[in-house]
Amino acid sequence: MFFRAERIERILKELRELKYVDTTTIEQLKMKEGLYHKPVEVDECSTPWVDFFKNDRWGGKDQSCWFRFVFEIPENYSGKTVVHRIQTGHEDGWDASNPQFLIFKNGTLVQGLDVNHRETLLSEKAQIGEKYVIDLQAYGGMIEELSECKNLISVLDTKVEQLYYDIHVPLEVVKLLPKEDKERIDTIGYLEKAINLLDLRKPYSKEFNESVEEAIAYLTEEFYGQFCEDRGIVAKCVGHTHIDVAWLWDLAQTRQKVQRSFATVLELMKQYPEYIFMSSQPQLYQFLKEERPELYAAVKKSIEEGRWEPEGGMWVEADCNLSSGESLVRQIIHGKRFFREEFGVENKILWLPDVFGYSAALPQILKKSGIDYFMTTKISWNEYNKLPYDSFKWAGLDGSEVLTHFITTANFDNLPERYFTTYNGFIDAPSVKGAWERYQQKDLHDEVLISFGYGDGGGGPTKEMLETARRLEKGIPGIPVVQMSTATEYFETLDERVGNSPRLPKWVGELYFEYHRGTLTSMARNKRYNRKSEFLYEDVEWLSTIGNLVEGIDYPKADIQEGWEIICLNQFHDIIPGSSIKKVYEDSKEQYEMIIEKGKKLKQKAMDAITSNIEIDEKSVVVYNPTSFNRNEIIDLDIDGERITFYADNIPAKGYKAFPIKDIQPKESEMVVTTSHLENKFFDIQLDENANITSLYDKRVQRQVLKEGYRANVIQAFEDKPIHYDAWDINIYYQEKMWEVNDVESIKVVEEGPLKGTLEIKKTFVDSTITQLMTIYRDIDRIDFETTVDWKEKQVLLKAAFPVDIHAEKATYDIQFGNVERPTHWNTSWDTAKFEVCGHKWADLSEDAYGVSLLNDCKYGHDIKDGVMRLTLLKSATSPNEDADREVHHFTYSIYPHTGNWKKAKTVEMGYRLNCPVYTTVIDKQEGDLPKELSFVSIDQENVIMEVVKQAEESNEVILRVYECYNRRTKAKINFFKEIKAVYECDLEERHEMNELVVKSGVFEFDIKPYEIKTFKLNIM
């Protein structure tokens, strides 16, 4: 017999068309332009209704309006299932860009409508004369074209629909099997028998209806009941809709997308009792709670019933390259707390399907936050190398391990591109079979996890997916059995079966994503705001904590929480990476500037309270040090209209020191500052006519720092035209075309003081201007480049290059709560792939006894190869934000040559010094209870950094968070300025106290392992 499958397909096509009977097209609607929340708002609005006919057009990009019509059930619909369908004329487009709706029936919200969800159930058994008032809140999408709004009311023949899926699902499996496969041949036989039972001569006749029933009964009993069986290979499926908090739309539209998508989920749950859905990101739930409390209550009820899984671990699905260590902790604290307090659940999974790389610090942060499992999938996009595991133990910087699983996807030729986006997966034959075929740990586990549902306004799972699942759960031969599940259930089963298996593979260190490297640099403004906000709110916390202890001021817990939630929101993986539209960055600028202004006021309020309690004999400058080590700094400030620069020495850790003004006049020193020569006791620096450094001679060790014949601080501009994703990517070929920025407008000495000397260098590049203040110091062995860039270019990548004469096969980069080494060569494809990598405050290249650190105050992209250290400054993409980075930028980077390696040189401290400036206040003589200098809290080991001093999240106790940064096992001692009643080590959430430490006179001692993070809870007397 020929064309067996093709014949079945032909019959299916006819059945698909026969599902809908007696369709009525609504000829005329009423319309009001604008965004309305619910029908009553529309009625209260004085704007008149206008007529809208079935062939009219509406909408356009980001346009909203409201439609209404009334339908009365006619006699021929009586007793039948009646559905509403909508057509917009854009049915073949992308989910996120097309028109989307909320549909209301008689004033009650029913569900969302979109390109994937176009049908709404009006009645399962309609009554003659029953009237339905249908309202549509309509959003035009992201397309410029106008749309249709055709409304169809039809009878749905549920038996024909059932038969259609009964045949369609196994036929899709058949298409994936080899032609000579016995199970394929047998399945076709069953399907042929079923269609042979059909009488299609007169659809909807008595004979037709009876034949449909007979075919259904045959397949139910013979095929699904007897031939199908569970063969032990399982696809655990959880419904999902991945919603980007912002991307090609702004936060306001995200609020709408959440309403539409969650409403659709809830409506489908009514029709499919087995349907289980999960959604991460408490921020989205918070949006829903604010916008539609009644819908939020329905979600909450589904959670209580165990049908909706609120899981994910973080406030948003955050970028894990750029967020600081403390930000990642706060993502989890705020995220888990929301789900715990709102829904009574404890998150166990970090759910990050669409994030662009994963820091080596993450496993420890997860384990110490009660997160046992990690899921991602985006790393399957890798550009050069395929990760060898899908289920494995991921070991982090300190050795902490977390059970990890990558969702796999289809791997068949000639499948549409949609099958390769695993976090917007499907329940259909190619997806289910493909997920199992691609899974690499079949020797350990016989289950895969599928997250199914359209995202970003696509509405999540569809009726078609759920109907398919009902058939695949029967065990159709040739494909895994589908089981509805929660993500937690999948991971717990995986853990139980293979978590302790010696054969479970392990991946050690960062999960570097070989793609989207441009996100380390795109939209530099946001990256600067992020870095400054992170440190500012840490400073607000420690100063407010101390202010509360010494002066009794209220700790501004609500304001601090608001600040951190906005910081966390803007660390979403399409906001801080720079891969969103312009409107997103207009919103984030407003948000950042609001919390920075508030943070500065909170900081000043706390500092003023402390300062007012210091005993001062004469007019003084009080200098506050936010870092956890004593430091020396050069201070610039205006006092009574006079600019004063002085050297503030030995400022106590996490404390302050008062410097009498009469004693702060600096002594003269020998420094040379000319337009071609800068020199202090550390360095002799020569510049060429283009203000590039031709010689950087270290006088301390009589060594030339630069490679022979090379110049340093060369600003390099590269043509940056990625193959695919403009804001996201840097392709390796960018280095093929480079211009040096050597068009010098002016060079002049602007400061030649006893403590520092500064050269101002102005250069132009095409239409842009770059101004640098190059500064050397009398007492600080660091060279700073304070930079202002008025950038007007497009698709140009800007870097600063320092070719140094250092022999090292690896460079060290600062990351969250530690540092990592990466190769400086391209020996293998794995090495080559890391041609652009993430570093936070510093990167270092060191030999045994000498090295160079490259510091920065708000940059992240680096590349170090063959002794050339480069910091990536700007990217200036044109899509999706056509004006990305074309604005004025301010940043500072520094070169720090040093004797010994980076540990001996205290590069970690120098990085903090650049990023965490001291704070000053001038006060007159006053009485007080505090001494002239004081460390509120200090630690006695340089390799143990105190990152956080704050009030506890749920009490008035004090929290200290420290981490080890040298990979050195250490016994350390903390000294607190007040008596301590008790000290407990606790987890990162501050919820579980693990052990009580011995404390005496405000001092306690502890052991810390290499790269370990420790959190202490102090009960202050």
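**Exercise 1. List the contacts of Trp-308, leaving aside its neighbours within four places in sequence, and place this residue in a nonpolar core.**

Step 1. Take contact to mean heavy atoms within 4.5 Å. With neighbours within four places in sequence left aside, Trp-308 is in contact with Phe-262, Val-265, Leu-266, Met-269, Phe-277, Ser-279, Tyr-285, Val-299, Ser-302 and Ile-303.

Step 2. A word on the ground rules: this is a predicted model, where local features need pLDDT of at least 70 and side-chain atom pairs count only at pLDDT 80 or more, while totals for chains, interfaces and linings use all residues. Residues are numbered from 1 along each chain as its sequence is written, and side-chain values use heavy atoms, with hydrogens and water left out.

Step 3. Now the core. A nonpolar core is a set of buried Ala, Val, Leu, Ile, Met, Phe, Trp, Tyr and Cys residues joined through side-chain atoms within 4.5 Å; buried means under 20% relative accessible area, exposed over 50%, and partly exposed in between (1.4 Å probe, protein chains only). Trp-308, Ile-427 and Leu-511 have the most contacts inside the largest nonpolar core, which has 172 residues.

Step 4. Apart from this core lies another, of 57 residues, including Ile-685, Leu-759, Ala-800 and Ile-815.

**Exercise 2. Find the cavities of 30 Å³ or more and describe the lining of the largest.**

Step 1. On a 1 Å grid over the protein atoms alone, a cavity is a set of points where a 1.4 Å probe fits but cannot get out, and lining residues have an atom within 4 Å of a point. Grid points are joined across faces, edges and corners, and a volume is the space filled by probe spheres set on the points. The search of the whole structure gives 11 cavities of 30 Å³ or more.

Step 2. The largest cavity holds about 140 Å³ of space. Its lining has 16 residues, and the closest to its centre are Ser-324, Gly-325, His-840, Lys-841 and Glu-947.

Step 3. Helices (H or I, at least four residues) and strands (E, at least two) are DSSP runs, numbered from the N terminus. Helix H9 (325-343) and helix H14 (524-551) are the elements giving two or more residues to this lining, and H14 gives the most, with 4 residues.

Step 4. Sort the lining by type: Ala, Val, Leu, Ile, Met, Phe, Trp, Tyr, Cys and Pro count as nonpolar, Asp, Glu, Lys and Arg as charged, and the others, Gly among them, as polar. The largest cavity has 6 nonpolar, 4 polar and 6 charged lining residues.

Step 5. For the second largest cavity, the volume is about 110 Å³. The 17 residues lining the second largest cavity divide into 9 nonpolar, 4 polar and 4 charged.

**Exercise 3. Is Ser-544 of helix H14 buried or exposed?**

Step 1. Ser-544 has a relative accessible area of 1%, so it is buried.

Step 2. Not counting residues up to four places away in sequence, Ser-544 touches Ile-553, Tyr-555, Pro-556, Leu-602 and Ala-606.

**Exercise 4. Work out which strands pair with strand E9.**

Step 1. Two strands pair if DSSP finds at least two bridges between them. Strand E4 (residues 64-72) pairs with E9 in the antiparallel sense over 9 bridges, and strand E6 (residues 100-105) pairs with E9 in the antiparallel sense over 6 bridges.

Step 2. Look at Asp-135 in E9: Arg-68 has Asp-135 as its bridge partner, and Phe-104 stands opposite Asp-135.

Step 3. Strand E9 (residues 131-139) is largely enclosed by the rest of the structure, because 7 of its 9 residues are buried.

Methods: 1 Å grid on protein atoms, 1.4 Å probe; cavity = no way out; pocket = protein on both sides within 12 Å on 5 of 7 lines; lining within 4 Å.
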